[in-house]
Amino acid sequence: MNHKYIKNNCESCQRILSGAGKIKEYKCWFLEHVGEPIPVNGWLVLRLKRHGEGLVSMNKEESEELGQILNSLPKALKEVTNATQIYLCSFNESVPHLHFHFIPRRAEEKRRTIDFFILQNEVKSGKVSAIAASETASLIRNIKIRLN
Ligand SMILES: [Zn+2]
């Protein structure tokens, strides 16, 4: 990775550099499992490898590769998690570095749509228990196999 495109005080850039939760590295994108505390097993985050802010920062090459990823990642995640629905969200507000959340919503889950981000805040504050990182290990292994 070219470090010239990394912003030092950016949480996304630092996560990419550390390789934390890495599932797959594409030419322009870095796919990882969401970091601890984990709200949902299989909640994935796709980050632009260089520091670019918001949807408007994507260039042609990055948006074309994103299109290819969108053709395979949601299907793979649905297969591995048995989710009813795969959500895709991108706000880039608290962390402006362009990133997308892929969230599996399972049949037994009562929450819908934006409530997953309320859950994430509840897990961060300790109001709701987080998923143990050990529970995500086999899912991460399976999605790696499915995507490679
Ligand atoms: Zn960044």
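## Strand 3 and its surroundings

Strand 3, residues 44–48, is largely enclosed by the rest of the structure, because five of its five residues are buried, a residue being called buried if 20 or more other C-beta atoms, placed from the backbone, lie within 10 Å of its own, exposed if 12 or fewer do, and partly exposed in between. Leu44, Leu46 and Leu48 point one way from strand 3, while Val45 and Arg47 point the other way. In a regular strand the side chains alternate between the two faces of the sheet.

These statements rest on a predicted model, in which local features need pLDDT of at least 70 and side-chain atom pairs count only at pLDDT 80 or more, whereas totals for chains, interfaces and linings use all residues. Residues are numbered from 1 along each chain as its sequence is written.

## The sheet

Five strands form an open, antiparallel sheet in the order 1-2-3-5-4, where strands (E, at least two residues) and helices (H or I, at least four residues) are DSSP runs numbered from the N terminus, and two strands pair if DSSP finds at least two bridges between them. Strand 1 and strand 4 (85–89) stand at the edges with a single partner strand each, so one side of each is left without a neighbour in the sheet. Neighbouring strands are turned by 20° against each other on average, direction ignored, with axes fitted as lines to C-alpha atoms (for helices over the stretch in contact) and angles running from 0 to 180 degrees between N-to-C directions.

Strand 1 (residues 22–25) is joined to strand 2 (residues 29–33) by three antiparallel bridges, and a hairpin of three residues links the two; leucine 31 of strand 2 is the bridge partner of lysine 24. Strand 2 in turn runs antiparallel to strand 3 over five bridges, with tryptophan 29 bridged to leucine 48 and phenylalanine 30 standing opposite arginine 47. Between strand 3 and strand 5 there are four antiparallel bridges, and here leucine 46 has phenylalanine 100 as its bridge partner.

## The nonpolar core

The largest nonpolar core (buried Ala, Val, Leu, Ile, Met, Phe, Trp, Tyr and Cys residues joined through C-beta atoms within 7 Å) has 22 residues, and those with the most contacts inside it are Leu31, Leu44, Leu46, Leu77 and Phe102. At least two residues of this core come from each of helix 1 (11–18), strand 2, strand 3, helix 2 (60–81) and strand 5 (99–105). Leaving aside residues up to four places away in sequence, leucine 46 touches Trp29, Leu31, Ile69, His99, Phe100 and Phe102, contact meaning that C-beta atoms, placed from the backbone, lie within 7 Å.

## Lysine 144

Lysine 144 belongs to helix 4 (residues 133–147) and counts as partly exposed, because it has 15 C-beta neighbours inside 10 Å. Apart from residues up to four places away in sequence, lysine 144 touches Ile23 and Lys24.

## The whole chain

The chain holds four helices and five strands, which run α-β-β-β-α-β-β-α-α from the N terminus on. Its radius of gyration, taken over C-alpha atoms, is 15 Å, which agrees with the value near 15 Å for a compact globule of 148 residues, the globule rule being 2.2 Å times the number of residues to the power 0.38. Buried residues make up 26% of the 148 residues, and of the contacts with a separation of 6 or more, 62% are between residues 24 or more positions apart.

Conventions:
Two residues are in contact if their C-beta atoms, placed from the backbone, lie within 7 Å.
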